[in-house]
Amino acid sequence: MGWPAVPLGEFLVQSENRVEPKPDKTYKQVTARLWGRGLKLRGRILGSRIAASRQVQVREGQFLLSRIDARNGAFGLVPADLDGALVSSDFPAFDVDETRADPRYLAWYSKTDGFVDLCRRASEGSTNRVRLREGRFLAMEVPLPPLGEQRWIVDRLDRATDLVERRRRAMAASERDIAALLRKAFNEITEGADHLPMAKVAPLVRRPVDVQPDESYPELGVRSFGRGTFHKPALEGVAVGSKKLYRIEPQDLVFNIVFAWEGAVAIAQAKDEGRVGSHRFLTCVPDPEIATVDFLLYFLLTPEGLRSLGEASPGGAGRNRTLGLKKLAAIEVPVPPIEKQHWFDGLQAKVRALRRTHVKTTADLDSLVPAILHEMFSGDSGRSAVLPSMEF
């Protein structure tokens with residue numbers, strides 16, 4: 001990078017600010033999140049409940065790490081809201097000599113793989129008692145450009161982070177608007193519509209599989225909260241035993257009867273063709289002259305639809321509830337004219353396309369700051385590094 005490699009001990013000094021907790025005073029405690037996600041409040045505790053007679057009191061701007069988990073990225077700068085918090089001896093705190101290093105530069109550099117590897121190499125011990133050794137840690141070298149260069153890097157990374165967060169907020173607001181638009185359209189086409197039982201709108205269809213011992217049968221799963229289908233490992237016919245399997249076809253409306261009450265309902269996709277489900281998976285097929293599968297799924301995942309599924313799923317507390325066949329068949333669903341349902345499905349298709357764009361954008365956002373970090377600390381020099389565009 002063209003920057004001098006400097007031992008951490010040249011600009012980090014371990015704090016020895018130890019205090020005796022007062023029994024009647026409440027103190028903040030700190031926890032260090034893994035993989036460079038910084039520090040946060042662990043909780044508040046009365047001094048009388050702190051076992052150790054002395055604790056380290058940290059100050060804003062200090063660099064704090066976990067002896068146990070520094071090798072897993074558990075460290076960060078102490079934020080203003082944790083100033084004065086207490087930590088045990090397992091969390092060494094270091095003052096930063098700001099004539100040599102900008103604390104924000106250290107905070108950003110600590111998010112790199114190189115810094116995590118440095119902490120790993122500074123840790124030693126048996127499998128269950130690996131600890132960071134401060135002496136070894138402070139002897140490790142890191143790239144340290146001049147202060148002006150450090151501040152330029154920090155400003156660049158801070159700006160990128162701000163742009164990313166603004167874009168995330170804009171997408172979240174867009175998602176809320178999309179959901180409200182769909183709900184409004186749904187309300188408009190269902191106002192005054194007839195309601196018919198599922199038995200008439202989308203009756204249960206069972207396709208029993210003749211299980212052969214020497215064949216395998218790939219299973220289909222349904223995620224809760226309307227998150228679609230997923231593929232489960234194949235079952236070997238010899239292991240099926242007396243278990244009954246049923247074939248699932250694309251465009252089936254599939255219910256996981258154990259978790260239907262929490263939205264474990266989905267439409268089988270083309271990629272799911274050839275999959276099977278046990279008796280715990282019900283498949284319903286809409287009458288094409290009465291309802292569309294996309295329209296029905298939307299209704300079943302509305303608060304009204306989920307309430308109906310919940311009422312059709314008696315059982316004990318927690319997740320021990322099962323959707324009944326007869327109760328499912330009796331659920332009444334709104335059935336506006338089929339032309340209006342097709343129009344609504346077209347609107348849903350546009351929304352799905354927009355959400356796919358959001359997913360891709362989110363993936364791009366997730367990779368942006370790490371890409372800039374890599375360029376900053378892996379290029380030939382800081383200012384000459386070619387950075388990804390940060391304009392959105």
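**Group meeting: two helices, a sheet and the cores**

Okay, let's start with the helices: the axes of α4 and α10 come within 11 Å of each other, crossing at roughly 170°. Keep in mind that this is a predicted model. Anything over 145 degrees counts as roughly antiparallel, so that's the label for α4 and α10. What sits in the contact of α4 with α10? Its residues split into 24 nonpolar, 6 polar and 7 charged.

Now the sheet. It's an open one with 4 strands, running β2-β10-β7-β8, and the pairing is antiparallel. Which strands stand at the edges? Those are β2 (12-14) and β8 (75-77); each has a single partner strand, so one side of each has no neighbour in the sheet. From one strand to the next, the twist averages 25°. If you zoom in on β2 and β10, they pair over 3 bridges, antiparallel, and you'll find Val-13 opposite Asp-95 in β10.

On to the cores. The largest nonpolar core has 40 residues, and the members touching the most others are Leu-8, Phe-11, Leu-12, Leu-65, Phe-115, Cys-119 and Phe-137. Elements that supply at least two residues each include β7 (63-65), β10 (93-96), α4 (147-190) and α10 (338-378). The largest share, 7 residues, is from α10. There's also a second, separate core of 36 residues, with Leu-282, Val-293, Leu-309 and Leu-347 among them.

Last stop, Leu-65. Leaving aside neighbours within four places in sequence, Leu-65 has contacts that include Phe-75, Phe-91, Phe-94, Cys-119 and Phe-137. Two of those names, Cys-119 and Phe-137, you've already heard in the list for the largest core. That's it from me.

How values were computed:
Residues are numbered from 1 along each chain as its sequence is written. This is a predicted model: local features need pLDDT of at least 70, side-chain atom pairs count only at pLDDT 80 or more; totals for chains, interfaces and linings use all residues. Side-chain values use heavy atoms; hydrogens and water are left out. A nonpolar core is a set of buried Ala, Val, Leu, Ile, Met, Phe, Trp, Tyr and Cys residues joined through side-chain atoms within 4.5 Å. Buried means under 20% relative accessible area, exposed over 50%, partly exposed in between (1.4 Å probe, protein chains only). Contact means heavy atoms within 4.5 Å. Axes are lines fitted to C-alpha atoms, for helices over the stretch in contact, and angles run from 0 to 180 degrees between N-to-C directions. Angles under 35 degrees count as roughly parallel, over 145 as roughly antiparallel, 65 to 115 as roughly perpendicular and the rest as oblique. Ala, Val, Leu, Ile, Met, Phe, Trp, Tyr, Cys and Pro count as nonpolar, Asp, Glu, Lys and Arg as charged, and the others, Gly among them, as polar. Two strands pair if DSSP finds at least two bridges between them.
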